[in-house]
Amino acid sequence: MDRRTRGQRLDADRLGARLGERATLVQFSSAFCQPCRATRRTLSDVAGMVDGVAHIEIDAEARLALVRELGITRTPTVLVLDAEGEVVRRASGRPRTADVVAALGQAI
């Protein structure tokens with residue numbers, strides 16, 4: 001996990017969408033990123049299975065200031081936020097469903 005992001009708080013205003021009541025999965029994607037599409041499906045499925053979890057997808061190219069601030073260097077990158085918006089986990093690349101569920105366990 002990247003130390004620049006751990007413990008950092010993000011809110012709905014900065015992300016452009018409402019946070020989940022229990023946790024939020026924030027996905028940074030780009031238009032031509034094939035793994036981003038699969039990641040979108042995985043995170044949407046998990047958010048649909050777990051009450052109070054939201055999935056927010058952010059176009060990295062459209063939000064360059066936020067990408068730079070968070071040190072996002074590739075897509076997909078996923079941040080797992082707890083109920084207060086604190087980053088508790090960060091991963092790059094296509095996640096497995098089991099890994100996303102495990103990461104949510106740290107956030108909830």
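Select strands S1 and S3 to begin: the two pair in the antiparallel sense, with six bridges between them. S1 covers residues 23–29 and S3 covers 77–82. For a register mark, pick Val26, which stands opposite Leu79 in S3. Keep in mind throughout that this is a predicted model.

**Strand S3 and its surroundings**

Stay on S3 and colour its residues by relative accessibility. How many of the six residues of S3 are buried? Six of the six are, so S3 is largely enclosed by the rest of the structure. In a regular strand, side chains alternate between the two faces of the sheet. Show the side chains and sort them by face: Thr77, Leu79 and Leu81 lie on one side, and Val78, Val80 and Asp82 on the other. Both faces of S3 are covered, and the residues on each side are all buried. Note that Asp82 is among the buried residues.

Now add strand S4, residues 87–92. S3 and S4 run antiparallel and are joined by five bridges. Here the register mark is Val80, which stands opposite Arg89 in S4. The two strands form a hairpin, with four residues between them. Select Gly85 in that turn and read its backbone torsions: phi is positive, at about 90°.

**The nonpolar core around Phe28**

Next, select Leu15, Phe28 and Leu79. These residues have the most contacts inside the largest nonpolar core, which has 14 residues. In soluble globular proteins, nonpolar side chains tend to be buried together. Four elements each supply at least two residues of this core: S1, strand S2 (53–59), helix H3 (64–70) and S3. Which of the elements gives the largest share? It is H3, with three residues.

Centre the view on Phe28 and display its contacts, leaving out residues up to four places away in sequence. Phe28 then touches Leu66, Val67 and Leu70, and also Ile58 and Ile72. Its other partners are Cys36, Thr75, Pro76, Thr77 and Leu79.

Apart from this core lies another, of 13 residues. To locate that second core, select some of its members, including Leu25, Leu43, Ala47 and Ala107.

**The disulfide**

Go back to Cys36, one of the residues that Phe28 touches, and add Cys33. The two cysteines form a disulfide, with their sulfur atoms 2.2 Å apart. The structure holds one disulfide. A disulfide is a covalent bond between the sulfur atoms of two cysteines. What is the handedness of the disulfide between Cys33 and Cys36? The torsion about the S-S bond is about 85°, so the disulfide is right-handed. Cys33 is buried, at a relative accessible area of 7%, and Cys36 counts as buried at 1% relative accessibility.

**Helix H4: two stops**

Select helix H4, residues 97–107. Ala103 is found in this helix. Is Ala103 buried or exposed? Its relative accessibility is 9%, and because the threshold for buried is under 20%, Ala103 counts as buried. Setting aside neighbours within four places in sequence, Ala103 is in contact with Val80 and Arg89, the pair already seen opposite each other in S3 and S4. For a distance check, take Glu84: it is 19 residues from Ala103 along the chain, and the C-alpha atoms are separated by 16 Å.

Move to Thr97, in the same helix H4. Thr97 counts as partly exposed, at 38% relative accessibility. With neighbours within four places in sequence left aside, Thr97 is in contact with Thr42, Val46 and Met49. Asp45 is 52 residues from Thr97 along the chain, yet their C-alpha atoms are separated by 8.6 Å.

**Zooming out**

Finally, show the whole chain as a cartoon. The secondary structure comes to four helices and four strands. From the N terminus on, the elements run α-β-α-β-α-β-β-α. The radius of gyration is 12 Å, close to the 13 Å that the globule rule gives for 108 residues, so the chain is as compact as a globular protein of that length. Along its principal axes, the C-alpha trace spans about 30 × 25 × 25 Å.

Switch to a surface view: the accessible surface comes to about 6,000 Å², of which 46% belongs to carbon and sulfur atoms. Of the 108 residues, 44% count as buried. As a last item, plot a contact map: among contacts between residues at least 6 apart in sequence, 72% join residues at least 24 apart.

Conventions: Residues are numbered from 1 along each chain as its sequence is written. This is a predicted model: local features need pLDDT of at least 70, side-chain atom pairs count only at pLDDT 80 or more; totals for chains, interfaces and linings use all residues. Side-chain values use heavy atoms; hydrogens and water are left out. A nonpolar core is a set of buried Ala, Val, Leu, Ile, Met, Phe, Trp, Tyr and Cys residues joined through side-chain atoms within 4.5 Å. Buried means under 20% relative accessible area, exposed over 50%, partly exposed in between (1.4 Å probe, protein chains only). Contact means heavy atoms within 4.5 Å. A disulfide is a pair of cysteine sulfur atoms within 2.5 Å. Two strands pair if DSSP finds at least two bridges between them. The radius of gyration is taken over C-alpha atoms; the globule rule is 2.2 Å times the number of residues to the power 0.38. Accessible areas come from the Shrake-Rupley method with a 1.4 Å probe; for residues, only the protein chains shown count as cover.
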